Amino acid sequence: MNVRQLNWPLWLGVLLTLIGGFSYIAVFIWFPITRDFPWVNLLLFLVAAVFLWKGLRRGFERDRARPTLSKIIASVLTTLSVLMIALFLFSYFVFARWLPPSTGAPQVGQKVPEFTLPDSTGRQVSLNELLTTPIDGKPPKGVLLIFYRGYW
Amino acid sequence: MAISVDSPEVSRNMTQQAGYTFPFLSDQRLEVIRRYDLLHAGAGENGADIARPAELLIDKTGTVRWINLTENYFVRARPEDVLDKVNLLE
């Protein structure tokens, strides 16, 4: 295959799709402005889609050296790329929203239940202790409770 | 303070790497997570039960002043917004 025959828009489209998918987890999830709404990834997918479309059309041109192979490669890679984009959109916009209703969670104005749990050194820590133990000689104003999914 | 199903060992490794200085508590038996109705059943590794992301600001009397239950687990409360709420505490 010589350079002029290479279907570069197709491969660029595939590359941009892969970057668009994996960069969210690898890079953009670390910054609230790109995490809370994945606009960088959507932009990458948009550019990828343009090149995939060009690559698909180029793969089906009649002047290809191996027309059948060219069509198969263009079709398969475009399909896989579209599936990857769809998987990303599903993961972010649908799957990540499947959260329980948590109607029984403490509401503003309610007292929260007291509890005691071990910290990362194994020491038992209670909420009441955190609310009353002075910090820098001053009583704490309160406690921020952050429940998180965990690192397992 | 942060609460998850992680063991103290996992929390220790993570906090040492990240340099966090506030307490990370382990609720491996999901007792507090259940009591606060923040269980996300089957959402962990191999279908394990974990906590959904949630932030609660508790004042010194133990009363909730602010709670954030995200609708999308990629979206979390931003530190500057939380600090705004913290400044409301007496």
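B:L38 touches residues of both chains, namely A:S102, A:A105, A:F147, B:I33, B:A51, B:R52 and B:A54, residues up to four places away in sequence not being counted; two residues are in contact if their C-beta atoms, placed from the backbone, lie within 7 Å. The model is predicted, with local features requiring pLDDT of at least 70 and side-chain atom pairs pLDDT 80 or more, while totals for chains, interfaces and linings use all residues. Residues are numbered from 1 along each chain as its sequence is written, and chains are lettered from A in the order in which they are written.

B:L38 is also among the residues with the most contacts inside the largest nonpolar core, which has 27 residues, and the others so placed are A:L145, A:F147, B:I3, B:I33, B:A51 and B:L56. Such a core is a set of buried Ala, Val, Leu, Ile, Met, Phe, Trp, Tyr and Cys residues joined through C-beta atoms within 7 Å, where buried means that 20 or more other C-beta atoms lie within 10 Å of a residue's own. β3(A) gives the most to this core, with five residues, strands being DSSP runs of E with at least two residues. At least three residues come from each of domain 1 (1-52) and domain 2 (53-90) of chain B, whose bounds come from an automatic or database domain assignment.

The contact between the chains takes 44 residues from chain A and 55 residues from chain B, and on the side of chain A that touches chain B the largest share, six residues, again comes from β3(A). Two bridges join β3(A) to β1 (residues 2-4) of chain B, the strands running parallel, and A:I146 has B:A2 as its bridge partner in β1(B).

Conventions. Helices (H or I, at least four residues) and strands (E, at least two) are DSSP runs, numbered from the N terminus. Two strands pair if DSSP finds at least two bridges between them. A residue is buried if 20 or more other C-beta atoms lie within 10 Å of its own, exposed if 12 or fewer, and partly exposed in between; C-beta atoms are placed from the backbone.
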